[in-house]
Amino acid sequence: MPFFGCHLSSTGGFAAMVKTARSIGADTFQFFTRNPRGSRAKAPDPGDIQNAAGEMQAQGFGPVVAHGSYTMNLCTRDPEARAFAAQVLAEDLRRVALLPGCLYNFHPGSHVAQGAEVGIGQIAQALEQALAQELPVTVLLETMAGKGSEIGGSFRELRAILDAVPSPRLGVCLDTCHIWDGGYDIAGNLEGVLEEFDRVVGLNRLKALHINDSKNPLGARKDRHACLGEGCIGLEALGRVVTHPALQALPMILETPNELPGYAREIALLRSFKIS
Ligand code: FE
Ligand code: FE
Ligand code: ZN
């Protein structure tokens, strides 16, 4: 059985997120390391983190997922902005390292007309710097929809980053909406997509999933999330993903357009699917 949860607001701190997660039947959750629009972050409170960690252990939580800011672009064109983004990444890792077993997921970046190859080199450089800190955090590259000049819209681009940064603390987070929008048919051919993922990236690198339906058809490269069963992927296909034998014991995070009651319903729905 996977761990199920959703994206939560971090404004009340870590212990509050654990409490909220429990109240909606979750045993994992995701949060932004800083305001998704800005780049400032308040210092984490060690007492709050200790309380959260104790409660998570007592309640059998799986690994939780920190999500880097959308504005952090490791392959932006301007060298100064790029250096700042690399600094944000390194600081984020130090911050979440206080939470035991925390995964840190981020969007690889947009190369903005520099070309994917240049962009991948810049992302790799920032990752090498950040990972040189030897912190107990696994960093996850998120599979992207490939909109604009986004890097990570194909499994091959993620493989290129993994090849450039030989670290066991680098993995991948698979977003069902994003790969669907990127042209991977998880509704019609889940086995084929997972085989390709395993061949190119390696299932051993997969550390978390984002479970979202998509407002757009296969290959649309749009990245608009829909509630489960209200999009083009559909409930049956998403049910096959969360019950797939190769994907058990991983945290699965909802990023659907919901408030807490909607998340509680969707988590209950995910738990109701049985491996067939
Ligand atoms: Fe994301
Ligand atoms: Fe996502
Ligand atoms: Zn998305």
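Select Glu 142 to begin the tour, since this residue bridges the iron ion (ligand 2) and the iron ion (ligand 1), which lie 3.3 Å apart. This is a predicted model, in which local features need pLDDT of at least 70 and side-chain atom pairs count only at pLDDT 80 or more, while totals for chains, interfaces and linings use all residues. Residues are numbered from 1 along each chain as its sequence is written, chains are lettered from A and ligands numbered from 1 in the order in which they are written, and side-chain values use heavy atoms, with hydrogens and water left out.

**First stop: the iron ion (ligand 2)**

Keep Glu 142 (OE) selected and add Asp 175 (OD), His 210 (ND1) and Glu 255 (OE), which together coordinate the iron ion (ligand 2) at 2.0 to 2.2 Å. Donors here are N, O and S atoms within 2.8 Å of the metal (3.2 Å for Na, K and Ca), and water is not among the atoms, so sites may look incomplete. The angles among the four donor atoms run from 84 to 172 degrees, and the site is irregular. Four donors would count as tetrahedral if all angles lay between 85 and 135 degrees; four count as square planar and six as octahedral if opposite donors are over 155 degrees apart and all others between 65 and 115, and anything else is irregular. If you follow the donor residues along the sequence, you will find the spacing E-x32-D-x34-H-x44-E. Within this set, Glu 142 in strand β6 (residues 138–142) and Glu 255 in the loop between β12 (251–254) and α9 (260–272) link distant parts of the chain, 113 residues apart. Helices (H or I, at least four residues) and strands (E, at least two) are DSSP runs, numbered from the N terminus. Both Glu 142 and Glu 255 are buried, a word that means under 20% relative accessible area, with exposed over 50% and partly exposed in between (1.4 Å probe, protein chains only).

**Second stop: the iron ion (ligand 1)**

Next select His 67 (NE2) and His 107 (NE2), which join Glu 142 (OE) in coordinating the iron ion (ligand 1) at 2.1 to 2.2 Å. His 67 lies in strand β3 (residues 65–67) and His 107 in the loop between β4 (103–106) and β5 (109–110), so this pair ties together parts that are 40 residues apart in sequence. His 67 and His 107 are both buried.

**Third stop: the zinc ion (ligand 3)**

Move on to the zinc ion (ligand 3), which 5.3 Å separate from the iron ion (ligand 1). Its protein donors are His 178 (NE2), Asp 223 (OD) and His 225 (NE2), lying 2.0 to 2.3 Å from the zinc ion. Here His 178 in helix α6 (residues 176–181) and Asp 223 in the loop between β10 (213–214) and β11 (225–226) link parts of the chain 45 residues apart.

**Fourth stop: the cysteines**

Now select Cys 75, whose sulfur is 18 Å from the closest cysteine sulfur, in Cys 173, too far for a bond. Cys 75 counts as buried at 0% relative accessibility. The structure holds zero disulfides, a disulfide being a pair of cysteine sulfur atoms within 2.5 Å.

**Last stop: the whole chain**

Finally, show the whole chain, whose secondary structure comes to nine helices and twelve strands. Its C-alpha trace spans about 50 × 45 × 30 Å along the principal axes, and 55% of the 276 residues count as buried.
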